[in-house]
Structures are given as structure tokens and as C-alpha cells.
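Let us take a walk through this structure together, one region at a time. Please keep the sequence and the 3D view at hand as we go.

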Amino acid sequence: MEMALHRAFIFLGPPGAGKGTQSKRFAERRTLAHLSTGDMLRDAVSRGTELGRLAKPIMDRGELVPDDIVVRMIEERLDGSDCDGGVVFDGFPRTVAQAERLDRVLESRSFGKPVVVDFEVRPEVLMRRLTGRRTCSVCGEIYNVYDAPPRVPDTCDRDGGRLVLRADDRPEVVQERMAAYERQTRPLTDYYRRLGLLQEVDATAGVEEVRRTLEDVLKRVEGRDGRL
Ligand code: AP5
């Protein structure tokens, strides 16, 4: 009997496009493991590990951490048994070199071809999303002081954790993150389009509307491929 392939989803898009917001909810709905390289790196920074000490100055400048480091991190994470039901990658891959290596990693671990979703948002909206973002220091839940505020200021609705501003959401760092995206990550859309794997989602609308668009797009893929 042929073994079922694990499912893999890749959420692409510029800083502030809503990848984290949508991928966390999507992973919960579909019982997938949520693999965010940004979250993993921030965790290493806050624990002061060797990796964290290496990554911190790079992240503080808004640049990308070297490919080898993030690919190794993902490979280790994929060994977790929670990945057997499928995974959603959030913020990975970020360069064509990472994508090429991910292709091989997925194939060697019995994952099917990934469904790649590109979240596109008008640039003027991104700055408001990033400067308004607050994140729970306990569970990582994402809020926005303008568009998705917590019930009690600076306090997580879920667990009462303190909400914090991310170090790289300062305007001058955001500019560099946007530039790094255009330079190194945008070419991935063509990479996946050529492979016939890219799905585009206009992510300018509110969280709930983007969720519905995402589900509609994925239903279409499901109907076509019968594989989700
Ligand atoms: P990472 O953590 O991946 O950051 P990013 O890609 O810049 O993306 P963000 O987390 O800023 O945005 P998002 O799209 O997830 O938006 P969110 O849902 O939070 O990476 C950080 C750093 O780590 C990098 O700069 C790099 O140094 C390093 N790194 C990470 N991965 C790497 C890799 N693979 N290779 C090399 N280096 C790597 O939403 C943003 C805000 O908008 C929130 O406030 C939210 O509430 C709000 N919002 C979301 N959706 C909506 C909506 N539809 N309407 C209104 N508001 C919304």
C-alpha cells in the first residue's frame, strides 16, 4: 500500500503581511505543526544560546540570518513527532537557496509538494501593521494596537501575559527588513510560480476576510489536486 505523504504549506509575504497571524490559526484549525523561523530565532535570543548570540545583531539590523543556520534549525524541528500530521512554514524559506534545500529536505522526509501561499499587502499598510504590533511574552499571540487590540491594554486576552513590542519593529529596522525582502525573498514567488505551486492571496483586508480568502484558495487547490 502506498504511504500517505505528509502535507506542507509555505506562507510567504513581506514583513507585516499577516503570515504569523494566519499561519498560527491555520495550523490550529488543521492540526499542523507551526514552524516559524522568526519565533525560533527570537526564542534562542531570549534564552541567550550560542545561536541566539549569533542571530541577535543580524536580526537587530533587519538582515537575514545565514541560510545554513535556518535550514539546520528546520531540519531538526522536522524530527518532532508533531510534524507527522503536516506542517506550515511561516517565514521560511526566505531565499532561493533555502527553497532549493527545503525541496530536498521535504522529499527525503516523505512530504508531498508544498502548497505555497503568497500574502500580498500594499506597502503603506505594512508600516501601520508593524509599528502597531504587540506580541504576548508568554504565548506569542499577536495583537495590533490599531486593528486588533487586546481587551485590556498591554495584556494578553488568553493568559494575561504582558504584551511587548518586537525589537525589529522600529521604523529604521523595518525599512531594512523590507529591503531584504525585496532583494532576497521576493524572487521566491517566481521560483514557486515556475514550479506551479504558488497561490496568491490579497491580504490587505481584515484578518477574518483574509482567512476566508485563504480557505477559498486552498479549497480550489484541494478540488484540483484532491490532496489537502
Ligand atoms: P520573522 O519573524 O519571520 O518576521 P517577518 O517575516 O518580518 O514577518 P513578521 O513577523 O514581521 O510579519 P507577519 O507577516 O508574520 O505579520 P503578523 O501576522 O505578525 O523574521 C524576523 C527576523 O528573523 C528576520 O528579519 C531575520 O533576521 C530572521 N529570520 C527569520 N526567518 C529567517 C529565514 N528563514 N532566513 C533568514 N533569516 C530569518 O502581523 C503583523 C501585524 O499586523 C500584527 O499586529 C497583526 O495583528 C496585524 N495584522 C495581521 N493581519 C492583519 C489584517 N489582515 N488586518 C489588519 N491587521 C493585521
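A good place to start is T31, which sits in the loop between α1 and β2. Keep in mind that the model is a predicted one. T31 has a phi near 50 degrees, a positive value in a residue other than glycine. Is T31 buried or exposed? With a relative accessible area of 63%, T31 is exposed, because exposed begins over 50%.

Step back from that loop into the helix before it, and you can find S23, which belongs to α1. Here the relative accessible area is 0%, so S23 counts as buried, the limit being under 20%. Which residues does S23 touch, once its neighbours within four places in sequence are left aside? They are F11, H34, V88 and D90.

Now let us turn to the interior. The largest nonpolar core has 32 residues, and those touching the most other members are L35, V65, L78, V87, F89 and Y192. Many elements contribute to this core: β1 (8–12), β2 (33–36), α2 (37–47), α3 (50–61), α4, β3, α5 (96–108) and α8 (187–194) each bring at least two residues. Which element supplies the largest share of this core? That is α4, with six residues. A further core of 23 residues lies apart from this one, and its members include V125, M178, V201 and A203.

Y192 deserves a look of its own. Not counting residues up to four places away in sequence, Y192 touches I10, L12, P93, A99, L102, V116, L197 and L198. One of these partners, P93, is worth a pause: the peptide bond leading from F92 to P93 is cis, with omega near -5 degrees. You will find P93 in the loop between β3 and α5.

From that loop we can move on into α5, the helix that holds R104. R104 has a relative accessible area of 55%, and since exposed means over 50%, R104 is exposed. For a sense of distance, try R104 and T213: they are 109 residues apart in sequence, and their C-alpha atoms are 30 Å apart in space.

Beyond this helix comes S110, placed in the loop between α5 and β4 (115–120). S110 is not a glycine, yet its phi is positive, at about 60 degrees. Its relative accessibility is 27%, so S110 counts as partly exposed, falling between the 20% and 50% limits.

Just before S110 in the numbering is R109, and R109 has a partner elsewhere in the chain. The side chain of D79 makes a polar contact with the side chain of R109, at 2.7 Å. The two residues are 30 apart along the chain, with 9.3 Å between their C-alpha atoms. D79 itself belongs to the loop between α4 (67–78) and β3 (87–90). At 57% relative accessible area, D79 is exposed.

Follow the chain into strand β4 and you meet V115. With 3% relative accessibility, V115 is buried, because that value is under 20%. How far is V115 from G196 in space, C-alpha to C-alpha? The answer is 9.5 Å, for a pair 81 residues apart in sequence.

The last stop is the ligand. Of the 35 residues around the ligand, T21, E63, R133, Y143 and R177 come nearest. Three of these can be described by their atoms. R133 places a polar side-chain atom 2.6 Å from an oxygen atom of the ligand. R177 likewise has a polar side-chain atom 2.6 Å from a ligand oxygen atom. For Y143, the atom in question is a backbone N or O, which lies 2.7 Å from an oxygen atom of the ligand. On its own the ligand has 1000 Å² of accessible area, and the protein covers 96% of that.

Which elements form the shell around the ligand? Among those supplying at least two residues each are α1 (19–30), α2, α6 (123–131), β6 (142–144) and α9 (207–225). The largest share, four residues, comes from α2, a helix that also supplies at least two residues of the largest nonpolar core. By residue type, the shell divides into 15 nonpolar, ten polar and ten charged residues.

How values were computed
Residues are numbered from 1 along each chain as its sequence is written. This is a predicted model: local features need pLDDT of at least 70, side-chain atom pairs count only at pLDDT 80 or more; totals for chains, interfaces and linings use all residues. Side-chain values use heavy atoms; hydrogens and water are left out. Buried means under 20% relative accessible area, exposed over 50%, partly exposed in between (1.4 Å probe, protein chains only). A polar contact is a pair of N or O atoms within 3.5 Å; within protein, one must be able to donate a hydrogen and the other to accept it, and residues adjacent in sequence count only if both atoms are side-chain atoms. A nonpolar core is a set of buried Ala, Val, Leu, Ile, Met, Phe, Trp, Tyr and Cys residues joined through side-chain atoms within 4.5 Å. Contact means heavy atoms within 4.5 Å. A residue is near a molecule or strand if one of its heavy atoms lies within 4 Å of it. Accessible areas come from the Shrake-Rupley method with a 1.4 Å probe; for residues, only the protein chains shown count as cover. Ala, Val, Leu, Ile, Met, Phe, Trp, Tyr, Cys and Pro count as nonpolar, Asp, Glu, Lys and Arg as charged, and the others, Gly among them, as polar.
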